[in-house]
Amino acid sequence: MTSFNELVDLAYDTHLKDKAKLQELDDYARGDQSEPYGARGHSDEFRALAKRSVFNWISLAVNIPCQMSIIEGYRVRDDSDPAEWDAFIGNGMDRRQVAIHRASAVFGHSFAEVEMPNGATYGGNPLPKLKALPTKRMVVLYDDPFNDRFPVFAMRIDAVPSGDSPAEATVWYGSERMRVSWRGIKGERSVRIVSREAHGFPVVPIVRWVIDMDLEGRTTGLVAPLIEPQDEVNQAKYDLVVTRNFSSYKVRTASGLEGEPLIDPVTGEQVVDAHTGEPVFVAPEIGPEKFIVSEDEKTSFGTLDETPLDGFIASLNQSVEHFAAVSQIPPHALQGRMANLSAEALVAAEEQLMRLVGSIQRSWGESWVTAFQLLAYAMGDTEAINDYSGQVRWRDMRARSFGETADALGKMAQMLGVPPRNLWKQIPGLDAATLREWHDAADRLPPVETTQQGTAINMSRALAGMSATAARGDGVTPSRRRAT
């Protein structure tokens with residue numbers, strides 16, 4: 001059996017091994033990328049153009065799936081938005097969920113911790129904490145990294161060893177959360193437990209979000225496969241920018257042009273070459289704004305043709321399309337070219353993106369269910385960790401008109417017999433509070449009459465009842481699934 005000191009050794013050595021790679025992924029996601037290759041001896045102007053040629057396409061490939069993956073509800077069996085959903089809202093996860101998703105997209109995985117309530121309440125219930133953890137400083141170990149939901153050991157690096165200062169870390173192991181420190185190198189580290197406390201869960205309360213994982217437990221995010229296509233796009237843009245700045249216009253030439261004599265500012269006489277004894281002349285500057293004439297009939301003028309940019313532009317577009325193919329982002333989302341695209345063509349172009357987002361949401365959704373299970377356990381439901389019926393509701397971010405959505409939902413109710421109440425949650429942008437308000441307002445309506453005449457009466461009553469509810473601004477108390 002692996003000892004505690006060996007687990008700390010393994011975790012810290014894993015951190016040191018992965019540190020450079022995680023930093024590279026972070027740099028590319030933030031736009032701090034390798035500059036395009038240029039010939040040796042280039043001037044400062046060329047180096048400045050190289051920096052300007054770096055455009056962060058990777059940020060689009062990360063932001064688009066994250067912006068399309070917003071949780072707006074949670075359901076356990078027949079209870080929509082139970083008490084643990086209030087804990088989700090109380091922890092500010094309506095906004096902070098994006099940071100967890102983005103870290104998972106950049107690094108391939110991200111982590112969060114659930115803590116027991118410390119006296120805080122929200123909506124009348126105890127409020128446990130759900131805290132996102134820094135991915136670059138986290139190492140989480142599993143018996144079976146692919147199949148296990150919860151780790152056996154987790155460590156967050158809080159301070160690296162420096163001089164006489166020891167390394168410090170927070171460790172989750174067994175039923176405890178500990179503060180530890182150590183000195184020395186691998187095999188000689190003496191780990192000291194500074195403090196320890198029970199975290200209160202039957203498992204290590206760390207949740208992992210992943211984009212993609214193989215059977216060996218190796219995770220891959222959205223950034224790693226895009227580093228090479230990103231460098232290719234930067235290089236193509238640099239080639240275009242250099243050619244556009246130095247070779248995209250005609251070059252005017254002149255031969256036999258004597259120039260202006262060089263005058264000594266002290267003597268006022270023309271300077272003579274010390275070796276040849278010939279007078280020295282200053283070559284004239286030839287530029288787009290200069291008009292040059294010569295009295296010497298032997299002087300000849302000419303031009304050098306500009307370099308066509310079509311090939312460089314085509315190369316850049318091809319590199320962007322290659323990037324779009326690898327990232328599964330529609331090319332029109334990167335290039336902005338949407339002329340003459342029908343609605344069907346737009347749907348087909350975005351189909352690849354929707355498959356990517358759907359795959360990501362399936363993985364993230366399972367992780368959020370695990371987080372909600374821990375929140376419910378912290379709120380007193382001791383059976384929640386083994387309740388796998390939970391399901392998150394993702395906001396519909398597809399580009400559709402509200403009229404189209406309403407028409408589709410109405411047809412589902414009329415033609416397929418789906419209860420209208422069950423369709424309310426399918427309305428895009430409908431939050432949990434509004435949904436509960438609608439249910440409570442509907443419960444206060446008069447009983448339904450089944451005759452044809454009664455149907456018309458019920459419709460008028462429903463409209464009048466909902467209008468009165470909106471005018472009164474009745475408050476609604478959220479329903480609770482459990483009592484402790």
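Begin by selecting Ile385, which sits in the loop between helix 9 and strand 19 (390-394); as you do so, bear in mind that the model on screen is a predicted one. Although Ile385 belongs to a loop, it counts as buried because its relative accessibility is 7%, under the 20% cut-off for that term. To see what surrounds Ile385, show the residues in contact with it beyond its neighbours within four places in sequence, namely Arg149, Phe150, Pro202, Val203, Gln373, Leu374 and Tyr377. If you then draw a distance from the C-alpha atom of Ile385 to that of Phe201, the viewer should give 9.9 Å, for two residues that are 184 apart along the chain.

Before going further, zoom out to the whole chain. Its secondary structure comes to 13 helices and 19 strands, and buried residues make up 37% of its 484 residues. Among the contacts with a separation of 6 or more, 63% are accounted for by residues 24 or more positions apart. If you display the surface, the accessible area comes to about 27,700 Å², with carbon and sulfur atoms contributing 52% of it.

From the loop of Ile385, move on to strand 19, where 4 of the 5 residues are buried, so that the strand is mostly covered. Strand 19 is joined by 5 bridges to strand 1 (residues 71-76), and the two run antiparallel. Within this pairing, select Tyr74 and you will find Val392 of strand 19 as its bridge partner.

Keep Tyr74 and Val392 on display and add Phe372, which is in contact with both of them, as well as with Glu84, Trp85 and Phe88, when its neighbours within four places in sequence are left aside. Which residues have the most contacts inside the largest nonpolar core? They are Trp209, Val223, Phe323, Trp364, Trp368, Phe372 and Val392, in a core that has 63 residues. The largest share of this core, 13 residues, is supplied by helix 9 (residues 343-378). Apart from this core lies another, of 17 residues, which you can locate by selecting Phe4, Met178, Trp182 and Val191 among its members.

Next, select strands 6, 3 and 12, which form an open sheet in the order 6-3-12 with antiparallel pairing. Strand 6 (129-133) and strand 12 (206-210) are the edge strands, each pairing on one side only, and the twist from one strand to the next averages 25°. Strand 3 (residues 109-115) pairs with strand 12 in the antiparallel sense over 5 bridges, and in that pairing Glu113 stands opposite Ile206 of strand 12. Now bring in helix 5 (residues 93-107), which packs on the sheet and touches strand 3, strand 6 and strand 12, its direction making about 140° with that of strand 3.

While strand 3 is on screen, pick out His109, which lies in it. Is His109 buried or exposed? With a relative accessible area of 16%, His109 is buried. Its side chain makes a polar contact of 2.8 Å with the side chain of Thr219. Leaving aside neighbours within four places in sequence, the residues in contact with His109 are Ala103, Ser104, Thr135, Arg208, Trp209, Val210 and Thr219.

A further group of strands can be centred on strand 8 (residues 153-159), which is mostly covered, 5 of its 7 residues being buried. Strand 8 pairs in the antiparallel sense with strand 7 (residues 138-141) over 4 bridges, and 6 bridges join it to strand 9 (residues 167-173), again in an antiparallel arrangement. Arg156 of strand 8 is a convenient residue to select here, with Met138 standing opposite and Thr170 as the bridge partner in strand 9.

The last stop is helix 3 (residues 57-67). Why is this helix largely enclosed by the rest of the structure? It is so because 8 of its 11 residues are buried, and to show them you should select Trp57, Ile58, Ser59, Ala61, Val62, Ile64, Pro65 and Cys66. Finish at the start of helix 3, where a side-chain oxygen of Asn56 reaches to within 3.4 Å of the backbone nitrogen of Ile58.

Notes. Residues numbered from 1 in each chain as written. Predicted model: local features only at pLDDT ≥ 70, side-chain atom pairs only at ≥ 80, totals over all residues. Heavy atoms only, no water. Buried < 20%, exposed > 50% of the residue type's maximum accessible area, 1.4 Å probe, protein only. Polar contact = N/O pair within 3.5 Å; in protein donor to acceptor, adjacent residues only side chain to side chain. Core = buried A, V, L, I, M, F, W, Y, C linked by side-chain atoms within 4.5 Å. Contact = heavy atoms within 4.5 Å. Pairing = 2+ DSSP bridges. Axes fitted to C-alpha atoms, helices over the stretch in contact; angles between N-to-C directions. Areas by Shrake-Rupley, 256 points an atom, 1.4 Å probe, with all protein chains shown as cover.
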